[in-house]
Amino acid sequence: MTPSNINPSLPMPEQDGLLQSEKLVSHIKGLIDEQGGMIGFDQYMTTALYEPGLGYYSAGSRKFGAEGDFVTAPEISPLFSQCLAYQCAQVLNDIGSGDILELGAGTGAMVRDLLLELEKLDLLPESYFILEVSADLKQRQQELLNKTIPHLIERIVWLDSLPEEKFSGLILANEILDALAVRRFKKTVRSFKELKVALSNDEFVWVEDDADVELEKALEQLEQQMPESFPEGYISEINTDIRKWFSGLDAVLQNGVMLFIDYGYSVSEYYHSDRTDGTLLCHYRHRVHADPFFYPGLQDITTSVNFTAIAESADALGLHVSGYTNQTYFLFGCGLEKILADMGSFDIKSQTEIAQQIRKLTMPEEMGERFKVIALTKNYDQSLIGFSIMDQRVQL
Ligand SMILES: C[S@@+](CC[C@H](N)C(=O)[O-])C[C@H]1O[C@@H](n2cnc3c(N)ncnc32)[C@H](O)[C@@H]1O
């Protein structure tokens, strides 16, 4: 990409970032050449985010926090992970003992705060597995956890792929589903087209290609779920691999609960006829925009989650969808008020900070309503505390 292409309101990257992005761009151009002039957006997204040594999550950019590109709930406040710990405690207590598997642990803040709370409750998991696809984040997690919870470090096991043996307990994933690669599509008068990535004047551009049988079938099924057909020109995205992805998780859980926390909608809200350009968003230095071709490798690329598709995948695999609610109801259901009461009294500065954190986590205009929590259970039939205040499964 040449600088003339770049949105002037987005700050320029540093020199080493530019170099990394240039290498990634030339790698993607090579893929486009190899594949006859275009690649699917799913391949573009996977490469831009996870190409070893070059992708956004695989290379060393800051990502999280004030100097990075975005903040996630565990970074905003330990209260998030403390609440989640109460949900885990319920499950670990019910099933006797068990393990926890966290997918994509970010900076490691969630592991730290969750394990400290479970330790207080005397309900530590036997092992805390972290499946981390990013070597850079794995290193950062190890540094943080060795420094802050050295007495618990032996329980933490880093994995490069799903565990080989089945386990009982919980699978946790905060903001993972939004990072999974999707295919983009466009409705035309007669058919669906797939929007792919090609080159024009040596720059990435969108091109239309005929949808293959798999995509066409998935989109026809999707359209049947909607009150009316998509209007002509309607663009959105779909994850055609989601069931396969869940079957991998299903295969490793003997009994217990999977909890996914992410931003997203039910199918009817996601593919509402007014949302004519999908939900694709990129995060770069705390600015949000919709251009996935902006400095590949230096920005996060995400889409919202279709929670109905998650529930359908779960149903097809014989998992039980045992709760769906928003982040606010979930945190209060887990006991946010009680955790605050138990914290005792604070000076004015800390009180103000905590109030701000709670506001970010729970206010509807912040994360409270946009973020949802879905629970999938297997051989486990207790009602989960996180959904005790409000369960919105009917919306799915
Ligand atoms: C926005 S970050 C969220 C990190 C952390 N959970 C948090 O809340 O701060 C997205 C994470 O998803 C991870 N990820 C993406 N695809 C994954 C997969 N298939 N399995 C496990 N982690 C994955 C990335 O490596 C990255 O750490």
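The following paragraphs go through the ligand site, the aromatic pairs and one buried aspartate of this predicted model.

In this predicted model, local features need pLDDT of at least 70 and side-chain atom pairs count only at pLDDT 80 or more, whereas totals for chains, interfaces and linings use all residues. Residues are numbered from 1 along each chain as its sequence is written, and side-chain values use heavy atoms, with hydrogens and water left out.

The ligand has 19 residues around it, of which Tyr50, Thr72, Gly104, Asn174 and Ile176 come nearest; a residue is near a molecule if one of its heavy atoms lies within 4 Å of it. By class, this shell holds 13 nonpolar, 4 polar and 2 charged residues, where Ala, Val, Leu, Ile, Met, Phe, Trp, Tyr, Cys and Pro count as nonpolar, Asp, Glu, Lys and Arg as charged, and the others, Gly among them, as polar. Domain 1 (3–67 + 180–242 + 274–299) and domain 2 (73–175 + 256–269 + 304–395) both contribute residues to the shell, so the ligand lies between them; the domain bounds come from an automatic or database domain assignment.

Oxygen atoms of the ligand also meet polar side-chain atoms: the distance is 2.6 Å for an N or O atom of threonine 72, 2.7 Å for an N or O atom of asparagine 174, and 3.3 Å for a polar atom of glutamate 132. A polar contact here is a pair of N or O atoms within 3.5 Å. Of the 590 Å² of accessible area that the ligand has on its own, the protein covers 94%, as computed by the Shrake-Rupley method with a 1.4 Å probe.

Turning to the aromatic residues, rings of Phe, Tyr and Trp (its six-membered ring) pair if their centres lie within 6.5 Å, and planes under 30 degrees apart count as stacked, over 60 as edge-to-face and the rest as tilted. By this rule there are 26 aromatic pairs. The rings of tyrosine 44 and phenylalanine 293 have centres 5.3 Å apart and planes at 85 degrees, so this pair is edge-to-face. The pair links distant parts of the chain, 249 residues apart, with tyrosine 44 in helix 2 (residues 41–50) and phenylalanine 293 in the loop between strand 12 (287–289) and strand 13 (300–302); helices (H or I, at least four residues) and strands (E, at least two) are DSSP runs, numbered from the N terminus. Tyrosine 44 is buried, with a relative accessible area of 0%, and phenylalanine 293 is buried at 5%, buried meaning under 20% relative accessible area (1.4 Å probe, protein chains only).

Aspartate 69, in the loop between helix 2 and helix 3 (73–76), is buried, with a relative accessible area of 6%.

Technical notes: Polar contact = N/O pair within 3.5 Å; in protein donor to acceptor, adjacent residues only side chain to side chain. Buried < 20%, exposed > 50% of the residue type's maximum accessible area, 1.4 Å probe, protein only.
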